[in-house]
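Dear colleague,

I am passing on the structure we spoke about, and below it you will find my notes on what turned up in it. Please read them with the coordinates open.

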Amino acid sequence: MSRQHIPLKDITIGTKGWTAKVIVEVKGMPRSSQRSPVKYQRMILRDSAGTKVQATIFESDIDKFSDVLTLYKTYYISNAVVKTILPQHRIAKNDYQWHINSKTVVEEVTEEYSSISVPPYNFVSFSEFSKYINSDVYVDVIGVVIHAYPPREIPTVNGPQKIQELLLVDQQLIPKILTMWDQFIENECAAIVKNIKSKPIIAAYRIRIVSFNGIFMFIFTISNGFIYIIIYYIFILMNIKKTYLFIF
């Protein structure tokens, strides 16, 4: 049954008794903070008007919502903690963020009443990287992982850093090396390697393209050093080989 709800743009710190209807547009994997052992999970929620809000779940609440708030599903959400967010920490165009905890009420919207569409993605082929080199334009990238190299350490200005490289190809069968750093190795990369035999298709949302020694690179990193490309979320896409005409 459809419920009364308000737009995300109307939800601020002072808003009382609100309920929002949102789709889970992006959902990151759980990870730990670099400065503390606190575990957190971030996501981006969007309403039917296109307004987005960044939401975070912490510690034991992550397990509580592990089977809820599924990517591309729509939910009624109420009683999340609304807080301001500094511009440097924003991954959604919104002055506010939500903290979802054990008191937050989350109810999945049945298909009959789900009016929020799946977000469109602007996938850029590897051959088009030169158009976006060293610019402030964010793009989406999709490719097939055909090989995973073993993790290794490399020297950096901050000391030895662990990396793991993946070999990807796009629709035009152009190969690129994807390098993952730090916690991306333990989380996203581990999930990809686990499915490597099935040639998983992965998509990177909101990335920037840069050149390193004349080579176009896209690197997954949360390190403070050697940041060639900032990628906020990665997710494994299943059952879309026919849609994007990858043939293996």
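Before the strands are discussed, one term has to be fixed: two strands are taken to pair if DSSP finds at least two bridges between them. Please also keep in mind throughout that this is a predicted model.

Strand S5

With that term in hand, S5 is a convenient place to begin, since S1 and S5 run antiparallel and are joined by five bridges, with Ala-20 having Ile-77 of S5 as its bridge partner. S5 also pairs with S8, again in the antiparallel sense, over four bridges, and here Ser-78 stands opposite Val-105 of S8. In a regular strand the side chains alternate between the two faces of the sheet. In S5, Thr-74, Tyr-76 and Ser-78 point one way, while Tyr-75 and Ile-77 point the other way, and all of them are buried. Because five of the five residues of S5 are buried, the strand is largely enclosed by the rest of the structure.

Salt bridges

Side chains of opposite charge can pair when their charged atoms come close. The structure holds eight salt bridges, and I describe some of them here.

Arg-46 forms a salt bridge with Glu-25, in which the closest N and O atoms are 2.5 Å apart. This pair links distant parts of the chain, as Arg-46 belongs to strand S3 (residues 39–46) and Glu-25 to strand S1 (residues 19–27), with their positions 21 residues apart in the numbering. Buried means under 20% relative accessible area, so Arg-46, with a value of 10%, counts as buried, and Glu-25, at 3%, counts as buried too. Both residues also belong to a network of salt bridges that links Glu-25, Arg-46 and Lys-52.

Lys-73 forms a salt bridge with Glu-108, the closest N and O atoms being 3.7 Å apart. This pair likewise links distant parts of the chain, with Lys-73 in the loop between helix H1 (60–64) and strand S5 (74–78), Glu-108 in strand S8 (residues 105–108), and the two residues 35 apart. Lys-73 is partly exposed, at 36% relative accessibility, and Glu-108 is partly exposed as well, at 42%.

Lys-9 forms a salt bridge with Asp-10, with 3.2 Å between the closest N and O atoms. Lys-9 is exposed, with a relative accessible area of 59%, whereas Asp-10, at 38%, counts as partly exposed.

The aromatic pair

A search of the whole structure finds one aromatic pair. The rings of Trp-18 and Trp-98 have their centres 4.8 Å apart and their planes at 35°, so the pair is tilted. Trp-18 lies in the segment before S1 and Trp-98 in strand S7 (residues 96–100), so the pair ties together parts that are 80 residues apart in sequence. Trp-18 and Trp-98 are both buried.

Cavities

Rolling a probe the size of a water molecule over the atoms shows where empty space is left. Two cavities of 30 Å³ or more are found when the whole structure is searched, and the second largest of them holds about 30 Å³ of space. Its lining is made up of Leu-8, Ile-11, Val-53, Asn-94, Tyr-96 and Trp-98, which by class gives five nonpolar residues, one polar residue and no charged ones. Trp-98 thus appears both in this lining and in the aromatic pair with Trp-18.

With best wishes

Note on methods. Residues numbered from 1 in each chain as written. Predicted model: local features only at pLDDT ≥ 70, side-chain atom pairs only at ≥ 80, totals over all residues. Heavy atoms only, no water. 1 Å grid on protein atoms, 1.4 Å probe; cavity = no way out; pocket = protein on both sides within 12 Å on 5 of 7 lines; lining within 4 Å. Points joined across faces, edges and corners; volume = space filled by probe spheres on them. Nonpolar A, V, L, I, M, F, W, Y, C, P; charged D, E, K, R; others polar. Salt bridge = Lys/Arg side-chain N within 4 Å of Asp/Glu carboxyl O. Buried < 20%, exposed > 50% of the residue type's maximum accessible area, 1.4 Å probe, protein only. Phe/Tyr/Trp six-rings, centres within 6.5 Å; stacked < 30°, edge-to-face > 60°.
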